[in-house]
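Please open the model in your viewer and keep the sequence panel beside it. The stops below each begin with a selection to make.

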Amino acid sequence: MASSAAHVPGPNPQAIARYSAIIVPLIITAIVGWASYVTIVQVAVYRLLQRYHQRAAAIAVIVLYSVSLFMAALCYLRLLQTVWTNPAYLPLGRTKADERRRKSRGRIRRKLRGKHEREAEEGGHLDGGSDVTANDPDLGWGLEQHAEKIRNLEAFRPKEVFVCDYEGMPIWCEKCACWKPDRAHHSSDVGRCVRRLDHFCPWVGGVVSETTMKFFIQFTFYAAFLAVFVLVTDAAVLAKDRHNDYGTNAQLAVLLGFSGLFTLFSTGIFGNTLHMALSNLTSIEAINKGNNTYHLSVLVTPVWYRGDTNEYPFRTTSYPGAPGATYAILFTHPGDNPWDVGWFGNLKSVLGESVLDWWVPLRYGPCTTHDSLESDFPMGKAVDDLKKEAAGF
Ligand SMILES: [Zn+2]
């Protein structure tokens with residue numbers, strides 16, 4: 001595409017990302033194809049089987065290599081397919097026509113300056129948990145956003161515990177015009193709110209979220225296993241060749257270098273991904289995790305009443321979607337993760353209950369179901385303690 005040299009001094013980063021999304025997998029496929037040839041033909045057949053007559057070792061290398069490569073490819077394809085078909089986007093609360101109307105109203109408003117805008121700025125500041133800041137040059141915008149949020153409040157159905165802003169309001173995404181359930185975040189890469197968003201992955205051209213996290217973990221596991229397996233067998237056969245005065249084969253030596261690099265890279269990613277799954281954290285939640293504080297809106301149940309007084313030591317609120325119910329606005333202690341249900345429970349929430357689920361990339365993890373009226377994701381001990389503290393027992 002032609003571009004003006006006057007104000008485009010560097011290459012367009014989005015174009016680089018687009019090309020790298022095509023070129024990087026091609027390079028990886030070429031390397032994997034060549035590594036498969038060296039491992040199966042050069043290592044297993046020529047050396048282990050023909051040169052050293054180690055039939056069992058040759059078969060073991062071929063089988064283990066093929067199975068783990070097949071599983072890695074299967075996980076990658078399942079990841080890709082899920083990114084395309086079920087990426088866990090939240091439904092948009094606004095149609096394209098609404099968007100056009102809103103923008104034209106914004107343009108008219110921009111022409112009107114004065115007292116109204118100053119009030120609007122104050123309105124904008126009330127949007128504690130929203131994505132668009134009140135620093136918007138169009139001051140009328142803030143009031144409009146606030147009004148839209150209030151209009152939509154009736155449609156909000158609160159669970160017994162959910163993340164809210166400091167005033168107890170559920171979290172609103174102004175770009176998608178929707179209520180954000182717990183752990184959902186707006187991804188600027190795809191322009192949508194995504195449930196349990198982890199990160200945008202350029203390798204699959206989409207977001208790793210609650211539906212894709214399981215396949216991502218499985219893929220990184222098989223890829224790391226493959227890299228370590230190739231490194232170890234290649235190094236063992238190279239050592240055997242030297243020991244038997246066959247010298248050093250160039251292809252095996254190059255493969256040793258590649259598999260060493262891939263081992264560092266893939267075990268690092270897998271180790272980090274597994275660590276996050278064990279702690280039930282997304283990449284977003286892990287940022288500043290030691291100081292993270294969540295505002296939670298918690299349903300006040302009859303057992304919370306003490307004596308005949310309704311004087312609570314916390315602020316309360318209510319929602320039109322839950323008539324008659326009182327909610328306490330509580331704050332978690334800094335660094336507490338409300339969704340931490342213990343390492344085993346955390347891992348099962350992503351991978352599944354059965355051992356087969358852990359290894360095979362077929363079913364979605366339990367963290368994708370949100371039928372419970374209690375909360376979007378099971379809450380752990382931190383929330384139980386918080387409730388006990390607030391209820392005073
Ligand atoms: Zn959004």
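Begin by selecting T220, which counts as buried because 21 C-beta atoms lie within 10 Å of its own; a residue is buried if 20 or more other C-beta atoms lie within 10 Å, exposed if 12 or fewer, and partly exposed in between, with C-beta atoms placed from the backbone. This is a predicted model, in which local features need pLDDT of at least 70 and side-chain atom pairs count only at pLDDT 80 or more, while totals for chains, interfaces and linings use all residues. Residues are numbered from 1 along each chain as its sequence is written.

T220 is found in helix α6; helices (H or I, at least four residues) and strands (E, at least two) are DSSP runs, numbered from the N terminus. Leaving aside neighbours within four places in sequence, T220 is in contact with S266, I269, F270 and T273, a contact being a pair of C-beta atoms, placed from the backbone, within 7 Å. Add T267 to the selection: its C-alpha atom is 7.9 Å from that of T220, although 47 residues separate the two along the chain.

Staying in helix α6, select A235, which is partly exposed, with 15 other C-beta atoms within 10 Å. A235 and G260 are 25 residues apart in sequence, and their C-alpha atoms are 10.0 Å apart.

Next, select helix α7 (residues 250-279) and helix α9 (residues 343-351), whose axes come within 6 Å and cross at roughly 110 degrees; axes are lines fitted to C-alpha atoms, for helices over the stretch in contact, and angles run from 0 to 180 degrees between N-to-C directions. The crossing angle therefore makes α7 roughly perpendicular to α9, a label given to angles of 65 to 115 degrees. At this crossing, A277, L278 and S279 of α7 meet W343, N346, L347 and V350 of α9.

Which residues touch the most other members of the largest nonpolar core? Select A72, C75, L79, F219, Y222 and L296, which hold that place among its 71 residues; such a core is a set of buried Ala, Val, Leu, Ile, Met, Phe, Trp, Tyr and Cys residues joined through C-beta atoms within 7 Å. Helix α6 (residues 213-243) supplies the largest share of this core, 14 residues. Finish on L296, which touches V161, V163, C164, L330, T332, P338 and V383, not counting residues up to four places away in sequence.

Terms used. Contact = placed C-beta atoms within 7 Å. Parallel < 35°, antiparallel > 145°, perpendicular 65-115°, else oblique.
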